[in-house]
Amino acid sequence: MNDAPDLLHAPATKKAMARLLPVLGIAYFMSYIDRTNIALAKTALAADVGISVAAYGLGAGLFFLSYAFLEVPSNLIMYRVGARLWITRIAITWGAISAAMMFVSNEWSFYLLRVLLGAAEAGLFPAMMYMVTLWFAQQHRVKVVGFIYFAPAVAMIIGNPLGGALMELHGVGGLRGWQWMFLIEGLITIVAGVLVWFLLPGKPSEAKWLTPAEADVLTERATAGGAAAPERIRGNLGKAFSNPAIVVLALIYFINQTIGGGVGFNFPAFLKSLGLESSFAIGLVAGGGGFGALAGILLFPWLKNRYGREVPMIGLCAFGGLLTLIGFIASRDPVWSVALIYISTFFQIGTLPLFWSIAMSRLSGLLAAAGLAFINMVGIAGGFAGPYVYGLIESATGSLITPYYVLAGASCVGVALVGVLAVIIRRERPAEAPLAEAVP
């Protein structure tokens, strides 16, 4: 390549980051809040509506089941209609359904709305990852994904105290605190969807704030090294779904989300069991895990850019997460128990930019839309398994700690899968191009 495109690419990339990442971050921030705010409402829903811990675990997990089931179809539609329209549709519909959670009156209405919320949000994250493959060269993707993951980390820090503060509105206007939380946060999400429509171009050529030369160089570098992207669905999807590295990445993500869902959806209840009574105080302490997440997504992409190898760091995160779970089980000190949950979040979230960098380096075009959705589909099913299994065990034993034995066992499997991934990547051809060759 000559010097002119090289000199143009760096400032164009910075411009794209500055324009795109805040918009994607706002959408992902609200999605994290709207899918997890029921954790703050767990005890209130039990008292006001009669939702048992087992029913809560099932309802919390049903979101992920419908999300996973519709993940690939949603992203294939996104590929056809464009990311801007589809992400806007996702945000507005999930915001409306999240607000409708204020009408939960029994276990069945709880189940139904959680299923609808998952269906509405299906495809959001892989759509964002697909956009990354259209805008950014491979060497920048781990950094970009790390910035996107700022959103859930900040959502943990801000969202939990915000939700707790909204629940303090209990009795205002005749509504319970959890009803105010669902209503207000759902309406904010609808506003975020409108912002996406006006501020988010789907690809470089649609961005009015880029010159034609900047748009061309971004597109060229984002797709560099890949074969022509397929346009037909039939005959092509198996290439993404059957690739060994993609399959193992999907299984690792399943374990990651099983642990994250099991811990995250029940951490506020654990804090309440320690004697915290105020919803705001519970939200504030629960939000502390976001600082661990921020540290992880800052440190591990930096290490990757410095040393250039993702898999050893993914293995470090998996092993570190296992040790923190074992430490939590063994701990009898409340302060240490909370600190260990924070540390587990450091590993669980910090590994994700590395994880998606590996995935995106192996997929392009239609197969990126389908393959990234496939990984997220399998992984997000772990978001169903974690809360559901946790709820079953808590219901059977009456203990908030016993479910962590199962989560620690799942973490052992995750460590082993990272070893399998390392073997697969070592056996790949060094110059293997992203998956894009396809049936014409």
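Me: Let's take contact to mean heavy atoms within 4.5 Å. Which residues does Gln348 touch, not counting residues up to four places away in sequence?

Reply: Gln348 touches Asn256, Gln257 and Gly260, with residues up to four places away in sequence not counted. Keep in mind that this is a predicted model.

Me: Where is Gln348?

Reply: Gln348 is in helix H18.

Me: And is Gln348 buried or exposed?

Reply: Buried: the relative accessible area of Gln348 is 18%, and the cut-off for buried is under 20%.

Me: What about Gly350, where's that?

Reply: Gly350 is in H18 too, a helix that covers residues 334-350. The relative accessible area of Gly350 is 0%, so Gly350 is buried.

Me: Which residues does Gly350 touch, again not counting those up to four places away in sequence?

Reply: With those left out, Gly350 touches Gly296, Ile297, Phe300 and Thr345.

Me: How many Å separate the C-alpha atoms of Gly350 and Lys143?

Reply: 12 Å, although Gly350 and Lys143 are 207 residues apart along the chain.

Me: Switching to salt bridges. How many does a search of the whole structure find?

Reply: The search turns up 4 salt bridges. One of them joins Glu214 and Lys15, with the closest N and O atoms 3.1 Å apart.

Me: Which helices do Glu214 and Lys15 lie in?

Reply: Glu214 is in helix H11 (residues 212-222) and Lys15 is in helix H1 (residues 3-36), so this pair ties together parts that are 199 residues apart in sequence.

Me: Is Glu214 buried or exposed? Same question for Lys15: buried, exposed or partly exposed?

Reply: Glu214 counts as buried because its relative accessibility is 8%. Lys15, at 31%, counts as partly exposed.

Me: What does Lys42 meet in a salt bridge?

Reply: The side chain of Lys42 meets that of Glu394, at 3.3 Å from N to O. That pair links distant parts of the chain, 352 residues apart: Lys42 is in helix H2 and Glu394 in helix H20 (residues 365-397).

Me: Are Lys42 and Glu394 buried or exposed?

Reply: Both Lys42 and Glu394 are buried. For Lys42 the relative accessibility is 6%.

Me: Besides residues up to four places away in sequence, what does Lys42 touch?

Reply: Leaving those out, Lys42 touches Val53, Tyr56, Asn266, Ala269 and its salt-bridge partner Glu394.

Me: And Arg221, which residue does it form a salt bridge with?

Reply: Glu220, and the closest N and O atoms of that pair are 3.1 Å apart. Arg221 is buried at 11% relative accessible area, whereas Glu220 is partly exposed at 36%.

Me: Back to H2. How far apart are its end C-alpha atoms?

Reply: Only 13 Å, for a helix of 12 residues (38-49). A straight helix would reach 16 Å at 1.5 Å a residue, and H2 falls short of that.

Me: Which residues in H2 are buried?

Reply: In H2, Ile38, Ala39, Leu40, Ala41, Lys42, Ala44, Leu45 and Val49 are buried.

Me: What does Gly50 do just after H2?

Reply: Gly50 takes a positive phi of about 85° there.

Me: OK, the inside. How many residues has the largest nonpolar core?

Reply: It has 143 residues, and those with the most contacts inside it are Ile87, Met129, Trp135, Tyr149, Trp356 and Ile375. H1 gives the largest share of this core, 12 residues.

Me: What is Trp356 in contact with, leaving aside its neighbours within four places in sequence?

Reply: With those neighbours left aside, Trp356 is in contact with Phe125, Met129, Val145, Tyr149, Tyr253, Leu372, Ile375 and Asn376.

Me: Now the outside. Which residues make the nonpolar surface patch?

Reply: Ile26, Ile77, Val81, Leu85, Ile92, Val191, Val194, Leu195, Trp197, Phe198 and Leu199 make it, and the patch is about 940 Å². Helix H4 (71-81), helix H5 (83-100) and helix H10 (177-199) are the elements that give two or more residues to it.

Me: Where does the largest share of the nonpolar patch come from?

Reply: From H10, with 6 residues. Phe198 is found in that helix.

Me: Is Phe198 buried or exposed?

Reply: Exposed, because the relative accessibility of Phe198 is 63% and the cut-off for exposed is over 50%.

Methods
Residues are numbered from 1 along each chain as its sequence is written. This is a predicted model: local features need pLDDT of at least 70, side-chain atom pairs count only at pLDDT 80 or more; totals for chains, interfaces and linings use all residues. Side-chain values use heavy atoms; hydrogens and water are left out. Helices (H or I, at least four residues) and strands (E, at least two) are DSSP runs, numbered from the N terminus. Buried means under 20% relative accessible area, exposed over 50%, partly exposed in between (1.4 Å probe, protein chains only). Patches are made of residues with over 30% relative accessible area and no salt bridge: like charges are joined within 9 Å, nonpolar side chains (Val, Leu, Ile, Met, Phe, Trp, Tyr) within 5 Å. Accessible areas come from the Shrake-Rupley method with a 1.4 Å probe; for residues, only the protein chains shown count as cover. The expected span of a helix is 1.5 Å times one less than its number of residues. A nonpolar core is a set of buried Ala, Val, Leu, Ile, Met, Phe, Trp, Tyr and Cys residues joined through side-chain atoms within 4.5 Å.
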